[in-house]
Amino acid sequence: MAKLLVKLQRYFRRKPVRFFTLLALYLAAGSLVFLHSGFAGEPTVTGSQHGPGAGEGPGLPYLGVMQLSRGFKAAATMPEGGRRHGPWFKSTSKEPVERGKAGDYGSTQSRVLRGRSGREKEEDRARYIGCYVDNTRRRTLRGVSFFDYKKMTVFRCQDNCAERGYLYAGLEFGAECYCGHKVQASNASESECNMECKGERSNTCGGVNRLSIYRLELAQESARRYGSAIFRGCFRRPDNVSIALPVSQLMLNMSVDKCVDFCTEKEYPLSALAGTACRCGFPTTLFTLHEREDEQLCAQKCAGEEFESCGTAEYLLVYQTQVQDNRCMDRRFLPTRAKQLVALASFPGAGNTWARHLIELATGFYTGSYYFDGSLYNKGFKGERDHWRSGRTICIKTHESGQKEIESFDSAILLIRNPYKALMAEFNRKYGGHIGFAAHAHWKGKEWPEFVANYAPWWATHTLDWLRYGKKVLVVHFEDLKRDLFVQLQRMVGLLGITACEDRLLCVEGQKDGNFKRSGLRKLEYDPYTPEMRKMISGYIKMVDTALKLRNLSGVPDDYYPR
């Protein structure tokens, strides 16, 4: 045996290419065996076939342990009526897989009652409307969908659908979430929605081919989507419609997709449906999209799609396409050195990076920073590398709050955000990066209490110091900027000494998110603040509110207080 090994060693020393070829083949064979074992012998449960591509509309990637590529999805098809589960569905409980069959659930009535009690708690953000039939060939809710066979909860599904602007959220089979604008199916008996949520045993998440559906009371209408298009609303036809929306096409078989595709091909960011006419254009002073009408005025059915509305000749249904509005995308350094240093001051987590993005688009000039962040520079904030005193940028980002640092600036925009939101945002940034999230262990460990104890007082002293030592301070509340971006951005640009073009500001409204908006996919499903923390933070809110009012400024927004 030893002689054989010596001979093989000498052979491969002389032929290294053959050795590595054999090694690669060995590894490839092992990988194929591993993958085959993962898909062999999977259980079949009577129900609907599902997967990321099961429903109409773009699906979200699976959020569990394993994500299947398109090739594996195709290989994993089952005979009609069968529901196939990959290896990610292997349950750790002792319950048999056959529990997916109707009638195998004990104490069905008690689960339905538990689900109802949970629904009552959700009514501030969503209203339960009932159990509905679902069909794999024609989904009841036809927007995005995602699955999580370990941690699905009612809140998580609602939050994801609301984040994308959908009006309805539906849960099925204990682990599947579907979003949509319309419920296109008949009611089913409440007893048929009898499966516990995988991440929340006290609540019900539909059943086999049955959806527990909620109407989302707080869905952002301005973010509603159809495919890749963003719903902007119903608007009265502008007076000079041929100038406001210069490109048009008659479409007798009209649908949302056809009009959006037409305007995308013509490279316009707005698609307006007017009955059988499709119009394209930009948001301008002739068509600002600021005065929305009741959607019922646009509720004329599309000729090409019975479940969609296509507006009328007088009331246009408007969508924003994927075409980028380039009227506000050009940016450069100031042509001459700035005579004054203007601070863009905020507590960390208060939206400073987002405000910089808006200011750069609105003015056409780069913003600078008191610090240097390579990730921001790589994302397009070219002023990040300049020294903050260079005078080449329109304003300077800073989180500083000492008297000496504040007095270094000639004026400032002071951005204030609800401390509960700001603290969580900064904690996520500290432990997860600019658009990442802190791990569950950080929230539950000692890091979060220590962070709140150290940072909550700073939230208050930061604002108080800028109000006390700042030479010329414009206070902008983050919440007001989100609610009324056009007006607040006009105020900010005015302090910077720039006369903002109105069409440019309208362009900014369509490009407002930027590259540093944190996704809602991993929002906390519980309140991390203890009663002691809330009591402390409430004291700081009152302190800041009093300081603002003493300077004849409006106090903090009302939504700081409900906690």
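Here are some short exercises with worked solutions on a predicted model.

**Exercise 1. Work out what the link of C157 and C177 does in the fold, and give its handedness.**

Step 1: start with the sulfurs. Those of C157 and C177 are 2.0 Å apart, and the cut-off for a disulfide is 2.5 Å, so this pair counts as one.

Step 2: place the two ends. C157 belongs to helix α5, residues 154–163, while C177 belongs to strand β6, residues 176–180. The ends are 20 residues apart in sequence, so the bond ties together separate parts.

Step 3: check the torsion. There are 80 degrees about the S-S bond of C157 and C177, and the link is right-handed.

Step 4: look at accessibility. C157 and C177 are both buried.

**Exercise 2. Take the disulfides C234 to C298 and C263 to C280, and find the handedness of each.**

Step 1: get the distances. For C234 and C298, S to S comes to 1.9 Å. For C263 and C280, the sulfur atoms are 2.0 Å apart.

Step 2: read the torsions. The C234 and C298 link has 80 degrees about its S-S bond and is right-handed. For C263 and C280 the torsion is about -80 degrees, so that disulfide is left-handed.

Step 3: locate the first pair. C234 is in strand β11 (residues 229–236), and C298 is in the loop between β14 (277–281) and β15 (315–320), 64 residues apart. Both C234 and C298 are buried.

Step 4: locate the second pair. C263 sits in helix α7, residues 256–265, and C280 in strand β14, with their positions 17 residues apart in the chain. C263 and C280 are buried too.

For the overall tally, a search of the whole structure turns up nine disulfides.

**Exercise 3. Explain why C501 has no bond to C507, and say whether C501 is buried, partly exposed or exposed.**

Step 1: find the closest cysteine sulfur to that of C501. It belongs to C507, at 9.7 Å, which is too far for a bond.

Step 2: classify C501. Its relative accessibility is 44%, so it counts as partly exposed.

Step 3: set another cysteine beside it. C395, at 1% relative accessibility, counts as buried.

**Exercise 4. Lay out the five-stranded open sheet: give the strand order, the edges and the helix lying across it.**

Step 1: write the order. It runs β3-β9-β5-β6-β4, with antiparallel pairing.

Step 2: find the edges. β3 (126–133) and β4 (145–147) each have a single partner strand, so one side of each has no neighbour in the sheet.

Step 3: get the twist. On average, and ignoring direction, neighbouring strands are turned by 20 degrees against each other.

Step 4: zoom in on one pairing. β4 and β6 pair in the antiparallel sense over three bridges. F146 stands opposite C177 in β6, and C177 is the cysteine that forms a disulfide with C157.

Step 5: add the helix. α5 lies across β3, β4, β5 (168–172), β6 and β9 (210–216), and runs at about 145 degrees to β5. The disulfide from Exercise 1 ties α5 to β6, since C157 lies in the helix and C177 in the strand.

**Exercise 5. Trace the salt-bridge network that holds D134, R139 and E172.**

Step 1: recall the principle. Side chains of opposite charge can pair when their charged atoms come close.

Step 2: take the D134 contact. D134 forms a salt bridge with R139, where the closest N and O atoms are 2.4 Å apart.

Step 3: take the E172 contact. R139 also has a salt bridge with E172, at 3.7 Å between the closest N and O atoms. R139 lies in the loop between β3 and β4 and E172 in strand β5, 33 residues apart.

Step 4: join them up. D134, R139 and E172 are linked in a network of salt bridges.

Step 5: check burial. D134 has a relative accessible area of 6% and is buried; R139, with 2%, is buried. E172 is buried as well.

**Exercise 6. Work out how the positions of D545 and K549 in helix α17 relate to their salt bridge.**

Step 1: get the spacing. D545 and K549 are four residues apart in α17 (residues 531–550), so about one helical turn separates them.

Step 2: get the contact. Their side chains meet in a salt bridge, 3.1 Å from N to O.

Step 3: classify D545. At 10% relative accessibility, D545 counts as buried.

For the whole model, the count comes to 15 salt bridges.

Key: Residues are numbered from 1 along each chain as its sequence is written. This is a predicted model: local features need pLDDT of at least 70, side-chain atom pairs count only at pLDDT 80 or more; totals for chains, interfaces and linings use all residues. Side-chain values use heavy atoms; hydrogens and water are left out. Helices (H or I, at least four residues) and strands (E, at least two) are DSSP runs, numbered from the N terminus. Buried means under 20% relative accessible area, exposed over 50%, partly exposed in between (1.4 Å probe, protein chains only). Two strands pair if DSSP finds at least two bridges between them. Axes are lines fitted to C-alpha atoms, for helices over the stretch in contact, and angles run from 0 to 180 degrees between N-to-C directions. Contact means heavy atoms within 4.5 Å. A salt bridge is a side-chain nitrogen of Lys or Arg within 4 Å of a carboxyl oxygen of Asp or Glu.
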